[in-house]
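Student: Could you take one part of this protein and walk me through it closely? I would like to see how a single piece sits among its surroundings.

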Amino acid sequence: YGDPSQNIDYVFKVVLIGDSAVGKSQILARFSRNEFSLDSKATIGVEFQTRTLVIEHKSVKAQIWDTAGQERYRAVTSAYYRGAVGAMLVYDITKRQTFDHIPRWLEELRSHADKNIVIILIGNKCDLENQREVPTEDAKEFAQKEGLFFLETSALEATNVETAFMTVLTEIFNIVN
Ligand code: GDP
Ligand code: MG
């Protein structure tokens with residue numbers, strides 16, 4: 001998970017947004033430390049985690065920001081979005097409401113963030129297939145319409161978490177190069 005001695009070529013700020021309890025903090029824990037906890041407490045204090053990886057022979061430090069329990073509508077401040085070049089818009093595939101709120105999060109993102117920000121829509125908790133309330137097709141269609149990348153993930157089983165981050169980071173990398 002990153003060699004701190006190497007020189008950093010790029011730092012990319014990526015923000016996690018979406019309703020409370022969709023799994024944002026666990027997605028970040030999986031990506032930054034390869035950890036997962038089933039009884040994660042509300043995130044307090046920690047603003048971001050980093051992980052350095054290599055993309056096309058360059059070392060890229062991903063600085064991933066996590067909301068500290070500010071998920072209520074319009075509670076996330078503009079400082080959170082400032083300088084972000086990527087965003088992960090997360091919902092829970094077992095909670096329809098969290099998907100229904102995505103347009104709202106997208107609107108907030110678009111009004112605060114840079115207009116060229118790279119956005120991926122993420123349907124998390126895909127390990128809970130038997131509790132699914134959001135069909136993959138609905139999300140895929142929405143993502144297509146809005147021009148977003150889309151993946152279903154499981155922070156629990158580590159499904160697609162790496163791919164989701166790599167999708168965003170590689171796209172950002174390609175834009176700046
Ligand atoms: P946040 O409020 O969006 O940061 O959500 P958390 O990361 O704190 O996760 C909320 C709850 O969902 C916790 O109990 C997690 O253990 C659980 N959770 C997170 N990701 C997954 C997942 O991929 N699968 C399952 N089954 N549970 C998850
Ligand atoms: Mg959290």
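Tutor: Happy to! Let's look at strand β4, which covers residues 86-92 and is mostly covered, with 7 of its 7 residues buried. Please keep in mind that this is a predicted model.

Start with the two faces of the strand. In a regular strand the side chains alternate between the two faces of the sheet. In β4, one side carries G86, M88, V90 and D92, while A87, L89 and Y91 belong to the other, and both faces are covered.

Now look at the strands beside β4. Strand β1, residues 10-17, runs parallel to β4 and is joined to it by 4 bridges. One place to find this pairing is I17, whose bridge partner in β4 is L89. Strand β5, residues 118-124, also pairs with β4 in the parallel sense, over 7 bridges. Here L89 turns up again, standing opposite L121 of β5. So that you can trace it on screen, follow I17 to L89, and then go from L89 to L121.

Next, turn to a helix that β4 helps to cover. The elements covering the buried residues of helix α1 include β4, along with β1, β2 (48-55), β3 (58-65), β5 and α6 (161-176). Helix α1 has 8 of its 10 residues buried, so it is largely enclosed by the rest of the structure. Its buried residues are K24, S25, Q26, I27, L28, A29, R30 and F31. After α1 comes N34, which has a positive phi, near 50 degrees.

Helix α1, residues 24-33, also leads us to ligand 1, because you will find 3 of its residues in the surrounding shell, the most that any element gives. That shell holds 19 residues, and the closest are G23, K24, S25, Q26 and L156. Sorted by class, the shell has 6 nonpolar, 9 polar and 4 charged residues.

Finally, step back to the whole protein. There are 6 helices and 6 strands, and along the sequence they follow the pattern β-α-β-β-α-β-α-α-β-α-β-α. Of the 177 residues in the protein, 38% are buried, whereas in β4 that holds for 7 of 7. As for contacts between residues at least 6 apart in sequence, 74% join residues at least 24 apart.

Note on methods:
Residues are numbered from 1 along each chain as its sequence is written. Chains are lettered from A and ligands numbered from 1 in the order in which they are written. This is a predicted model: local features need pLDDT of at least 70, side-chain atom pairs count only at pLDDT 80 or more; totals for chains, interfaces and linings use all residues. A residue is buried if 20 or more other C-beta atoms lie within 10 Å of its own, exposed if 12 or fewer, and partly exposed in between; C-beta atoms are placed from the backbone. Helices (H or I, at least four residues) and strands (E, at least two) are DSSP runs, numbered from the N terminus. Two strands pair if DSSP finds at least two bridges between them. Two residues are in contact if their C-beta atoms, placed from the backbone, lie within 7 Å. A residue is near a molecule or strand if its C-beta atom, placed from the backbone, lies within 6 Å of it. Ala, Val, Leu, Ile, Met, Phe, Trp, Tyr, Cys and Pro count as nonpolar, Asp, Glu, Lys and Arg as charged, and the others, Gly among them, as polar.
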